[in-house]
Each structure stands twice: as C-alpha cells, then as structure tokens.
Amino acid sequence: MEYIILNNGLKMPIVGTGTNTYGKENNEYNGALKNEIPELVSALELGYRSIDGAIMYRNEELVGRVLAESNVPREELFITTKVPANEEYISSKEATRAAIDNSLKNFQTDYLDLLLIHFPIEDKEQLRNTWEVFEEYYEAGKLKAIGVSNFEKHHLDELKEFAKVKPSVNQIQINLKEPNHDLLAILEEEGITPVAWGPMKAEVHQKEVLDEIGKAYNKSGAQVLLRYQIQRGVVVIPKSHNPENQAANLDLFDFELSAKDVEKIKNL
C-alpha cells in the first residue's frame, strides 16, 4: 500500500474501500440491512485498511462490528465517516456532538481517523457551529483529521472565513465523466487532499481507450483508471462486492503510467 500525507501530517492509504452498499439486501444503497458484511471481510483479508463510511449509509454499527472482530489492529485501520448536513445532526452543537459520539460507539473505537461534513451546509451559522465541534473533537484527539465532502470552491471559501483547522480532505466525485479539473487545481493550491468517490465511472468509448492502454501494462482498463488517479495524488475509494475485483482494485503498485498515457487519459 502507498500512502499520502495529509496537511496535518497524518498518513492516509491512497486506496480504500467504500461501504455505502455493504451489508445491504441486493447490494443496494437503500436495501434493508443484513446481519453480515462478507464483502468487508474479504476486503480486510485482501489488505484494505482504509474504510470509508457515513452515517447516511446506515451500516456504521455493522461495519464497526466486523472491524472489531477482525484480526486487524486498530492502529492499522483508517476509519472515515461523515456527518450528514441534515437538521437532525447540525441543528445545534449538542446534536453534532451526539452524532460524533454515536459514530465512535458504532465503530467501537475511541477515535476516528477522518470525519467529514457529508454535504455543504448552506446556513453559515450551522456550518460554523458544526466545524467548531469538529475542531473541538480534533483538538481532543478523538478525530485524527477533519474534512469535507462535495464542497465546491465557494463552500471552501466560506469555511476559510472562520476555520482554525484547515480541512485535510475534500471528498468529491472525480472520474472520466466528472473530471473536476478546476476544483482539483484549487485543492492542490490550498493543500487539501482530493478523495475520489465514484472513481471508476467512464463512458463506453472511454473504457475502450483505457482497455487499450492497459494491454501495454498487462492491466485492465479499470486498473489503469485507478492508477491514473493515484499517480496524480488523488485518493481513491473504489467499492466492489466481488473479491476478485477487490483484489484487482488494490493491485496498482507494480506499474506506472507513462506521461503520454496520463495525458491521453486526461484528454478523455
């Protein structure tokens, strides 16, 4: 595994696994929760250590139980979760504290590696109150890093007006359908690490080009796309329920794309 150093010095695995459909009927986001997550068990066995969760996924407790029952030491895990921008969680500082405390309980841990605001909070006072609680838990060591998700430039600018602790990451959609080049440039300038959700989305004609590029490296088009992302400093959190695909999504560190191929993919 390769790591990226966040702006506060914390090491984050550059590849993790999403969990938004894990442990759910028919592997559907809104599916009923089951009592097991075999896909997370296999991910851990394959070497995934960065686990991307969220309160909105409804499966924190189940994910936490699997992590606690695994043989993976807590210090090797990088657990991320997200607080929704819903009134229930941001109406007051007490509500936000309750949400964080409940996540800590669900994951059976006394600290989270990364906590994000899941979506922009449009009310400035609520945004400030929420971030101040994040900072409070960060300073207390209960959060190793704090950040945001789905924030555009103007949302980041609003946060900068009062934040004492700069967000370490912004988790956004980054793929060939939504490359987000302009926002990536801003994040680089600000020293905020981009984390890509949906990193493997691509059109059919784009996939054909990726597959062709992959032949020279003996890799699949999907592996080429993930390698392209991490090679430019983007953390990826692909998700699969299939152990073979999970293994392939982690098998990215024995080749390097040429500058020509990187440019070709960027131009897609």
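## Exercises around helix H4 and its sheet

Helix H4 (residues 93-106) holds 14 residues and runs 20 Å from its first C-alpha to its last, close to the 20 Å expected at 1.5 Å a residue. Keep in mind that this is a predicted model.

**Exercise 1.** Work out which residues of H4 are buried and what covers them.

*Solution.* Start with the helix itself: Ala95, Thr96, Ala99, Ile100, Ser103, Leu104 and Asn106 are buried. Next, look at what sits over them: the cover includes helix H2 (60-69), E5, helix H3 (87-90), strand E6 (114-117) and H5. Now zoom in on Ile100: beyond residues up to four places away in sequence, Ile100 touches Val83, Leu115, Val133, Phe134, Tyr137 and Leu143. Finally, step off the end of the helix, where Gln108, just after H4, takes a positive phi of about 50°.

**Exercise 2.** Find out where Ile100 fits in the largest nonpolar core.

*Solution.* This core has 65 residues, and Ile100 is one of the four that touch the most other members, along with Met12, Leu40 and Leu67. Then ask which element supplies the largest share: helix H5 (residues 124-139), with 5 residues. Don't stop there, though: a second, separate core of 11 residues includes Tyr217, Val224, Tyr228 and Leu257.

**Exercise 3.** Trace the sheet, then place H5 on it.

*Solution.* First get the order: 8 strands make an open sheet, E3-E4-E5-E6-E7-E8-E9-E10, with parallel pairing. At the edges you'll find strand E3 (17-18) and strand E10 (235-236), each pairing on one side only. Now pick one pair: E5 and E6 are parallel and share 4 bridges, and Val83 has Ile117 of E6 as its bridge partner. Last, add the helix: H5 packs on the sheet, touching E5, E6 and strand E7 (146-149), and its direction makes about 145° with that of E7.

**Exercise 4.** Decide whether Thr81 is buried or exposed, and list what surrounds it.

*Solution.* Locate Thr81 first: it lies in strand E5 (residues 78-83). Its relative accessible area is 0%, so Thr81 counts as buried, the cut-off being under 20%. For the surroundings, skip neighbours within four places in sequence; Thr81 is then in contact with Gly53, Ala54, Ile55, Glu60, Ser103, Phe107, Leu112, Leu114, Leu115 and Leu116. Glu60 deserves a second look: the side chains of Thr81 and Glu60 are joined by a polar contact of 2.6 Å. Ser103 links back to Exercise 1, as one of the buried residues of H4.

Key:
Residues numbered from 1 in each chain as written. Predicted model: local features only at pLDDT ≥ 70, side-chain atom pairs only at ≥ 80, totals over all residues. Heavy atoms only, no water. Helix = DSSP H or I, 4+ residues; strand = E, 2+ residues; numbered from the N terminus. Buried < 20%, exposed > 50% of the residue type's maximum accessible area, 1.4 Å probe, protein only. Polar contact = N/O pair within 3.5 Å; in protein donor to acceptor, adjacent residues only side chain to side chain. Contact = heavy atoms within 4.5 Å. Core = buried A, V, L, I, M, F, W, Y, C linked by side-chain atoms within 4.5 Å. Expected span 1.5 Å × (residues − 1). Pairing = 2+ DSSP bridges. Axes fitted to C-alpha atoms, helices over the stretch in contact; angles between N-to-C directions.
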